[in-house]
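Here are my notes on this one, as promised. Keep the viewer open and click along as you read.

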Amino acid sequence: MGAQLDELHVVETVDYDFEHGGGSLLSVLLSADGEQLLNVNRGEFCMYTAAGAEVSCAGLQEIRYDPASLRWSPDGRYVAFVDDRPFINFRDSDIWVLDTQTGIFTNLTDDGDLPSILDTIVNDDLVGPFAPIDLAPRFSADGQLYFLRIEQIGTEIGGTLYRIPASGGSAEQLAVLTPNVRGDGYPYDWDIAPDGQTGVYVIGTSRQDTLRRVDLATGNTVLLHTIDRETEVGVASIEFSPRGDVVLWHSQALARLRGTDEGIRYAFLTTLNGETFPASTSPFATYFGWSFDGTALAYTVYDPQNPDRNGLYLGLPGKEGQRIATADDPEAPLTSTRFPVGMFWGANNTILLAEGFGQRLFALRLNGT
């Protein structure tokens, strides 16, 4: 960490005054080094320094994009995203990238105007060919770009994992995650270990969600954890530790964040052997984010029963941490800027936060860099 957790404290606060529609701050990302911000609003992708100075903007003609899909490459050059929300709109979706050096947008998986493969699930009598659904772009630590795909496999519709160069080129299939999504469920979210060797993905059905591990070299998959719908509810997002040994996942219970049930856990950790436990023992801990080296977690507490506990905490995985910051309004929750994905903690010890469900955007810089 460069400093022990109990020695870290806030040395600088930076407030941002970006234009947003409807008070939404769901499309603001911090780069891995913590030195750049991406702000997407009304089809413009704008880069800023961590201090808030505008660097450049690029306008996207296709204004549809999924805020939760935005991902910055480790070197800060590319931003990958999905141009639709296929499980909501049942339309085709492709993987796009913005090259921040040139300002050029590229559709990496363009398949024209074919009907979506998801249409066949609603209307069995449709005649193909159909466009596959591409979703959930993820970068490994070396800058390789991976994504999920729902596509036709023989006479069935399956879920697969692909890799494609961020600079453009042909997509390479790496693994079949489920050969029959109708019977086995959909892979709808996932993440890749920094070394690019292992992925952990979520399979969702009407009955339950499961976490599975995939070996990218062999394509072999292993069941890690079956989600308890009573206490864990479901998976809203998943993120590998920078160490590659455990995944952090947020529960769909975040959708009812303003509840008062002290027993609800909003985030969990699952090891590559399947051991699963709450990301923190702290009551009402909500949004979590890894430290840049994977040794610690930042998380927010929103306790409607005791607002004096609200704020930003730092702690060890699975333990209760110490509070280092509070909101201006003690009753205003601190949240991540890209629901349902967790918060950002850059390598320069900058943590990006929103206050009051989007009324304020700011960054905290800690000592110990």
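1. Let's start in strand S28, where threonine 335 has its bridge partner, alanine 354. Threonine 335 belongs to strand S26 (residues 334-335), which is joined to S28 by 2 bridges, with the two strands running antiparallel. Bear in mind throughout that this is a predicted model.

2. Alanine 354 has a partner in another strand too: leucine 361 in S29 stands opposite. S28 and strand S29 (residues 360-366) are paired over 6 bridges, again in the antiparallel sense. If pairing is new to you: strands of a sheet pair through backbone hydrogen bonds, either parallel or antiparallel.

3. Now look at strand S27 (residues 344-345), which has 2 bridges to S28 and runs antiparallel to S28. Here tryptophan 345 sits opposite isoleucine 351. S27 and S28 make a hairpin with 4 residues between them. Check asparagine 349 in that turn: its phi is positive, about 60°.

4. Is S28 mostly covered or mostly open? Mostly covered. Of its 6 residues (350-355), 6 are buried. In a regular strand the side chains alternate between the two faces of the sheet. For S28, one side carries Thr350, Leu352 and Ala354, the other carries Ile351, Leu353 and Glu355, and both faces are covered.

5. Next, the nonpolar cores. In soluble globular proteins, nonpolar side chains tend to be buried together. The largest core here has 33 residues, and Leu145, Ile150, Leu161 and Trp190 have the most contacts inside it. Several strands give two or more residues to this core, including S7 (78-82), S10 (133-139), S12 (156-164) and S14 (186-192). The top contributor is S11, with 5 residues. A separate core of 27 residues lies apart from this one, and among its members are Ala58, Leu70, Trp72 and Phe344.

6. Click on tryptophan 190 and see what surrounds it. Leaving out neighbours within four places in sequence, tryptophan 190 contacts Ala136, Arg138, Tyr146, Phe147, Leu148, Leu161, Gly199, Val200, Tyr201 and Ile238.

7. There's also an open sheet worth tracing, with 4 strands in the order S18-S19-S20-S21 and antiparallel pairing. S18 (235-240) and S21 (276-278) are the edge strands: each has a single partner strand, so one side of each is left without a neighbour in the sheet. From one strand to the next, the twist averages 25°. Within the sheet, S19 (residues 246-251) and S20 (residues 267-271) are joined by 5 bridges, and valine 246 stands opposite threonine 271.

8. How many cavities of 30 Å³ or more does a search of the whole structure find? Just 1. The largest cavity holds about 30 Å³ of space. Its lining is made up of Ile264, Arg265, Tyr266, Ala267, Ser280, Ser282, Phe284, Ala285 and Phe288.

9. Finally, go to leucine 5, in the segment before strand S1 (10-16). Why does leucine 5 count as buried? Because its relative accessibility is 19%, and buried means under 20%. Setting aside residues up to four places away in sequence, leucine 5 touches Ala296, Leu314, Gly315 and Leu316. Leucine 5 and leucine 297 are 292 residues apart along the chain, with 9.8 Å between their C-alpha atoms.

Terms used: Residues numbered from 1 in each chain as written. Predicted model: local features only at pLDDT ≥ 70, side-chain atom pairs only at ≥ 80, totals over all residues. Heavy atoms only, no water. Pairing = 2+ DSSP bridges. Axes fitted to C-alpha atoms, helices over the stretch in contact; angles between N-to-C directions. Core = buried A, V, L, I, M, F, W, Y, C linked by side-chain atoms within 4.5 Å. Buried < 20%, exposed > 50% of the residue type's maximum accessible area, 1.4 Å probe, protein only. Contact = heavy atoms within 4.5 Å. 1 Å grid on protein atoms, 1.4 Å probe; cavity = no way out; pocket = protein on both sides within 12 Å on 5 of 7 lines; lining within 4 Å. Points joined across faces, edges and corners; volume = space filled by probe spheres on them.
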